[in-house]
Amino acid sequence: MQDLKWWQRGVIYQIYPRSFQDSDGDGIGDLPGIIRRLDHVVTLGIDAIWISPIYPSPMADFGYDVTDYCNVAGVFGSLADFDRLVAEAHRRGLRVILDFVPNHTSTEHPWFIESRSSRANPKRDWYIWRDAGGEGALPNNWLSRFGGPAWEWDGRTNQYYYHSFLKEQPDLNWRNPAVKQAMYDVLRFWLDRGVDGFRVDVLWLLIKDDQFRDNPVNPGYLPGESSHDRLLPFYTANRPEVHAIVAEMRSVTDTYPDRVLIGEIYLPIEQLVTYYGHDLKGAHLPFNFQLLQTAWNAASIAQIMEEYEAALPHGAWPNWVLGNHDKERIASKLGSAQARVAAMLLLTLRGTPTIYYGEEIGMKDVPIAPEQVQDPAEKNEPGLGLGRDPERTPMPWDGSLLAGFTSGEPWLPLGADHARVNVEALRESRRSILNLYRRLIDLRRDKPVLTHGSIDAVTVQGNILRYERRQGDQRLVIALNLAHERARALSLPAGRLLLSTDLDRAGEDVGGSASLGADEGIIVQGT
Ligand code: TEU
């Protein structure tokens with residue numbers, strides 16, 4: 001059997017720190033809170049937690065606007081709390097992955113304060129400054145991903161600076177060697193403190209065209225979409241020079257044993273897989289967001305499974321994601337019943353699964369009233385459904401008034417169903433999605449074929465998706481009913497039903513055929 005690394009064998013769990021567990025009553029989650037809840041993560045069977053940014057920040061973009069890469073925001077705790085978190089996690093066999101935000105800082109970062117102070121400042125070239133395009137016009141047509149132009153005028157030095165996101169998030173100039181060195185020092189700072197790897201924010205955006213050419217118009221743009229999509233980000237994303245930087249980040253992490261580099265990359269499959277790098281010396285895991293983007297039916301999912309497997313470079317390790325802090329929750333998108341099928345899919349596909357906190361309890365998006373909006377994506381372009389607050393609400397731990405999350409006023413509202421949908425209640429309910437998640441993760445541990453095996457025989461029959469995992473004489477058949485109607489007489493190899501999303505059904509012999517209930521998925525061990 002191939003000797004796999006922990007990040008190949010394991011399951012990753014994303015924690016959005018503001019919403020996991022508050023320990024001091026300010027209504028915002030923090031590091032001591034995460035420590036308190038580590039046992040939940042361990043009992044679930046998780047191998048690594050990825051924590052969204054915890055660095056000091058004015059929180060214009062909730063931590064993705066950093067003022068100090070080598071410290072912890074007071075609202076989350078202290079460096080000492082962080083060291084304790086790493087120690088407590090490691091003691092439980094859990095790895096810790098940090099969110100690294102290299103593309104941009106906060107405007108309040110000392111580097112930017114220096115950079116904007118004068119054109120002659122040594123840090124001027126740490127950011128992307130351009131003259132007006134004549135008569136105060138913008139330097140070119142580049143657009144911010146949070147609405148409006150990507151250029152912000154600085155009256156003191158009479159130039160524009162570039163920001164891919166908010167104007168409070170100026171992009172660093174990754175063509176400048178001093179920037180690279182400073183950022184690699186940041187990686188070393190955390191690696192020395194024992195972190196097990198990084199999820200790198202917007203890895204595909206780090207380099208912009210050095211000739212600052214206009215982006216072409218997107219002929220497929222539909223009104224109602226984010227204004228950023230009016231143009232194709234041809235000159236502002238996925239530039240060829242980015243790969244040298246990914247390789248450098250990888251070589252920094254490789255100077256420490258057994259660390260992982262994960263890239264946040266929203267690109268079509270064939271471009272995504274180039275981020276594994278030349279000779280696989282790029283990101284270990286370029287995040288695969290295909291399941292977030294594809295239509296939820298058997299044919300579309302079969303297609304992405306096959307395209308992804310076919311596109312993976314030789315030796316590259318796959319991975320799959322169902323949700324994150326930027327996207328509608330899977331249980332809202334598909335409904336509670338289909339969320340269980342999605343769990344079975346995620347945990348039986350070939351490659352490392354990432355679970356977003358709350359998915360294990362079937363947590364749904366929480367409606368946010370206009371006066372409760374926090375996310376700048378919603379504030380800047382209201383009403384388009386771009387707000388990300390709904391998927392970032394507090395984790396409900398128990399049935400008490402504030403769900404065990406805080407003793408104060410939660411920074412975002414709790415779901416109306418939290419008295420029913422919470423960790424404690426679902427733990428007690430034998431058929432719950434939480435227990436399904438546990439059983440699925442246990443099964444991954446018990447059946448090495450789910451980790452090491454190939455993925456074969458992907459077939460579609462109506463809205464049933466069927467595939468096999470194989471290794472030596474081990475053979476598991478997975479059949480998922482993506483429809484809300486019962487499906488009869490599905491042909492299956494003779495075998496034993498190991499697990500169904502309907503937890504009452506197990507151990508049955510499946511003699512050549514089986515029926516699937518509405519929204520049911522099954523795993524059959526061939527005999
Ligand atoms: O997100 C990158 C990204 O592309 C987002 O624009 C995403 O597509 C958007 O939120 C719409 O769903 C990363 C972080 O995950 C996000 O939270 C940050 O706001 C962003 O980078 C800037 O750092």
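This section describes the domain division, the ligand site and the internal cavities of a predicted model.

Local features are reported at pLDDT of at least 70 and side-chain atom pairs only at pLDDT 80 or more, whereas totals for chains, interfaces and linings use all residues. Residues are numbered from 1 along each chain as its sequence is written, and side-chain values use heavy atoms, with hydrogens and water left out.

An automatic or database domain assignment divides the chain into domain 1 (6-103 + 177-439), domain 2 (110-162) and domain 3 (454-526). The centres of domain 2 and domain 3, taken over C-alpha atoms, are 57 Å apart.

The ligand is surrounded by 15 residues, of which D61, D201, H325, D326 and R388 come nearest; a residue is counted if one of its heavy atoms lies within 4 Å of the molecule. By class, this shell holds five nonpolar, two polar and eight charged residues. Polar contacts (pairs of N or O atoms within 3.5 Å) link oxygen atoms of the ligand to the side chains of H104 at 2.9 Å, R199 at 3.0 Å and H325 at 2.9 Å. On its own the ligand has 490 Å² of accessible area, 89% of which the protein covers (Shrake-Rupley method, 1.4 Å probe).

Three cavities of 30 Å³ or more were counted, a cavity being a set of points on a 1 Å grid over the protein atoms alone where a 1.4 Å probe fits but cannot get out. The largest cavity contains about 40 Å³ of space, the volume being that filled by probe spheres set on the points. Its lining (residues with an atom within 4 Å of a point) consists of L143, N215, H228, L231, L232, P233 and T236. Four of these lining residues are nonpolar, three are polar and none is charged.

Key: Polar contact = N/O pair within 3.5 Å; in protein donor to acceptor, adjacent residues only side chain to side chain. Nonpolar A, V, L, I, M, F, W, Y, C, P; charged D, E, K, R; others polar. 1 Å grid on protein atoms, 1.4 Å probe; cavity = no way out; pocket = protein on both sides within 12 Å on 5 of 7 lines; lining within 4 Å.
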